[in-house]
Amino acid sequence: SISIPKDMSVSEAAETLHFPDEGPVSIRDLSLDDPFVPLWPRIIPHLLKMLDILFRMWRPEWQARLLRDRYQRYALAISDDDAFLSRKTDGKNGGVFGEGGTAGSIIPGTDRRDTNLAPRWSTWFSELRNCLFQMLGLLAGQRALYSPEVSEFFPQIVSVVIDPENLRSMEHRQCTQYLKQFVEILMLSCPPALYSTHLAPLIGPIFEHVRYRLEISWAPILQQPAGNNPAMLPTPCKPLFVTDCESAAALASNGGETWFQSYYARSCLFVGDLDNETAESAVEKYRVEFTRTCGDVIQSALALKGDWALVLANIAKEEDPKRKGADSSFSSSSSKSSKGPPNRLLVGEGTKLNADGTLRNANQSALDARKLKRINALNHFLFLENEAVAGSLTLTVIQCLTYPDTYTCRRITRICHRLLETVAWHPRYTDLLGRRML
């Protein structure tokens, strides 16, 4: 393992030290830490086949077929649990099956506790899809995706996970999990040396699609006249009920932009016979949730939240001249300079803590230096090395500032700050930052 000299800061180590494993690592070497890694070459073909089949089920041509069948259409519906979570409730009324619950509200007269399997289809498909997304994330997180032994499968992975029709056909709730469970892990785990070969081919089309999806999803809301009654939403924003299945199937058969505009405007939801109030809450919930997830994933990639953000917080504390020697929460001691009563953060003489109060490991500085090296590399790559990635990402960030969601705007404002720190000097960003952002 690499150690940092005592007189060298984490920032200096990140700039000067070389980490030899920041590139392709063979499955044989990876298996020293995880004996199950060698199974990936056998798993990947089946994983991609199942994922592709699930993606295709939500394509317009298949939705047109399923929506016309009085039973098969419920494979596309949200579950009773999804409907319940969309309600503004404190959960004290007994849950899905309790008084006022949503059990049987999607498919009237049925109960998933009965032998009728139709009410269970949506949950089964959701669990299967999330499992596949998690496996993709595990493939990236274990670094097997970047090993030479898996290189022969990489073109197939790309063709399935960023197929334009697959991306466009996902529901908002599915795309949210796709970003959380795969894309975020992909960006954080990819070694900098492989950004151009393994990261750019995937996240370029993904960011471009995210921008398109957000724009179409929010368009009906942003175009509403001032003072419009929320109960009188434009027709495209209303969720799809059973009574509208025939017209929706006809629209899906034609495909094209008209279908996707209607699809995204209703948050891609088919709600069966759910009541209007809960259905409209679900549409709003999944639109906002997808938007917030996009901001959170970008924040993680830019070290504004998560494990990487702690690295920057530690460095800031170490380099702050006012706190370097005075703040006992970072370097614990029994000095009288510490204010307030003793607490659990003061654990002993010379014991160092992270900025969040957790104990620092013996090799924490080396780990932070490695992470800082990646933080700087990914930041530079996202905004300055690949024009397609940088363009889509920057436009997405600027676009999110216009959406009427406080949570999103606060996070996007932080991202804009990081963006300005990185590229404000670059002439290519003059128009984007000077005209569109302002």
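**Exercise 1. Decide whether Arg 143 is buried or exposed, and describe its backbone.**

Step 1: Arg 143 has a relative accessibility of 15% and therefore counts as buried, where buried means under 20% relative accessible area, exposed means over 50% and partly exposed lies in between, with a 1.4 Å probe and protein chains only.
Step 2: Arg 143 is placed in the loop between helix H6 (118-141) and helix H7 (154-161); helices here are DSSP runs of H or I with at least four residues, strands are runs of E with at least two, and both are numbered from the N terminus.
Step 3: The phi of Arg 143 is positive, near 70 degrees, in a residue other than glycine.

The structure is a predicted model, in which local features need pLDDT of at least 70 and side-chain atom pairs count only at pLDDT 80 or more, whereas totals for chains, interfaces and linings use all residues. Residues are numbered from 1 along each chain as its sequence is written, and side-chain values use heavy atoms, with hydrogens and water left out.

**Exercise 2. Work out which residues of helix H12 are buried, and what they pack against.**

Step 1: In H12, which spans residues 256-265, the buried residues are Trp 259, Phe 260, Tyr 263, Tyr 264 and Ala 265.
Step 2: These buried residues pack against several helices, among them H4 (60-68), H8 (164-169), H9 (172-189) and H10 (195-222), with contact meaning heavy atoms within 4.5 Å.
Step 3: For the general background, an α-helix has 3.6 residues a turn, so residues three or four places apart point the same way.
Step 4: After H12 comes Ser 267, which sits in the loop between H12 and H13 and has a positive phi of about 60 degrees although it is not a glycine. Ser 267 is also buried, with a relative accessible area of 1%.

**Exercise 3. Describe how H11 and H12 are arranged, and which residues make their contact.**

Step 1: The axes of H11 and H12, which are lines fitted to C-alpha atoms over the stretch in contact, come within 7 Å and cross at roughly 135 degrees; angles run from 0 to 180 degrees between N-to-C directions.
Step 2: H11 is therefore oblique to H12, given that angles under 35 degrees count as roughly parallel, over 145 as roughly antiparallel, 65 to 115 as roughly perpendicular and the rest as oblique.
Step 3: From H11 the contact uses Ala 248, Leu 251, Ala 252 and Asn 254, and from H12 it uses Gly 256, Thr 258, Trp 259 and Ser 262.
Step 4: These residues divide into 4 nonpolar, 4 polar and no charged, where Ala, Val, Leu, Ile, Met, Phe, Trp, Tyr, Cys and Pro count as nonpolar, Asp, Glu, Lys and Arg as charged, and the others, Gly among them, as polar.

**Exercise 4. Describe the surroundings of Val 423 and of Asp 405.**

Step 1: Val 423 belongs to helix H17 (residues 406-423) and is buried, with a relative accessible area of 0%.
Step 2: Not counting residues up to four places away in sequence, Val 423 touches Phe 383, Leu 384, Tyr 429 and Leu 433. Val 423 and Leu 384 are 39 residues apart in sequence, yet their C-alpha atoms are 7.6 Å apart in space.
Step 3: Asp 405 lies in the loop between helix H16 (387-400) and H17, and is buried with a relative accessible area of 8%.
Step 4: Leaving aside neighbours within four places in sequence, Asp 405 is in contact with Val 288 and Arg 292.
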